[in-house]
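Please read the following note with the sequence and the structure at hand. The points concern pairings between charged side chains and the question of cysteine bonding.

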Amino acid sequence: NGKQRAFAAEVAGQIFDHLLTNGQFHALPRTILDFMFVFPIALRRIKENSDAVTTDKLVAVTADITREVKNADSKRTFVARTSSTKNLVGYASLEEVSHTCTAEDLCTGLIYLQRQAAEDLHDLVERCTEAIENTWARPL
């Protein structure tokens, strides 16, 4: 649906805005697009397990999801390029696998980020993006 995609794009822009203005980031990590879509999935997964949301848990689950996506069966996926060297994999059906990031997930991620103090926000983003980058760098 076009309206859903437009809304998701708007929320993605709000995440960038929040990181650059309220979060006082002077530069964004190169895996920030991966973070924007993997982080809300990690947040949803932690909440579905009724676990407490902590930065350590978010970093670990973000790395797990990135690893799962990296190892995904390419026959069941479509690929959205996030850079010339790697791909962020999405699935056609939310029921098919738990790697789908919805506009609602993006909103939940944005709200979580907005509730963080600047120092905590920097720590969260730096640690999650480092986990993503390290996971992509490892051979299969």
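1. A salt bridge is a side-chain nitrogen of Lys or Arg within 4 Å of a carboxyl oxygen of Asp or Glu. With this in mind, consider Arg44, Glu48 and Asp105, which are joined in a network of salt bridges. The model under discussion is predicted.

2. How many salt bridges does a search of the whole structure find? The search returns 8 salt bridges. As general background, side chains of opposite charge can pair when their charged atoms come close.

3. One of these pairings is between Glu68 and Arg45, whose closest N and O atoms lie 3.0 Å apart. This pair links distant parts of the chain: Glu68 belongs to helix 3 (residues 55-70) and Arg45 to helix 2 (residues 32-48), with their positions 23 residues apart in the numbering. Are the two partners buried or exposed? Glu68 has 32% relative accessibility and therefore counts as partly exposed. Arg45, at 18% relative accessibility, counts as buried, because the limit for buried is under 20%.

4. A further salt bridge is formed by Asp56 and Arg127, with the closest N and O atoms 2.5 Å apart. Here too distant parts of the chain are linked, since Asp56 is in helix 3 and Arg127 is in helix 5 (residues 118-137), 71 residues apart. Arg127 is partly exposed, its relative accessible area being 31%.

5. Arg127 also forms a salt bridge with Asp123, and for this pair the closest N and O atoms are 3.7 Å apart. Where do the two residues stand with respect to each other along the helix? Both are in helix 5, and they are 4 residues apart, so about one helical turn separates them. Asp123 is partly exposed, with a relative accessible area of 33%.

6. The cysteines deserve a separate point. A search of the whole structure finds 0 disulfides. Why does Cys101 form no such bond? The cysteine sulfur closest to that of Cys101 is in Cys107, at 9.8 Å, which is too far for a bond; the cut-off for a disulfide is a pair of sulfur atoms within 2.5 Å.

7. The surroundings of two cysteines may also be noted. Cys101 is partly exposed, with a relative accessible area of 22%, whereas Cys128 is buried, with a relative accessible area of 0%.

Notes: Residues numbered from 1 in each chain as written. Predicted model: local features only at pLDDT ≥ 70, side-chain atom pairs only at ≥ 80, totals over all residues. Heavy atoms only, no water. Buried < 20%, exposed > 50% of the residue type's maximum accessible area, 1.4 Å probe, protein only.
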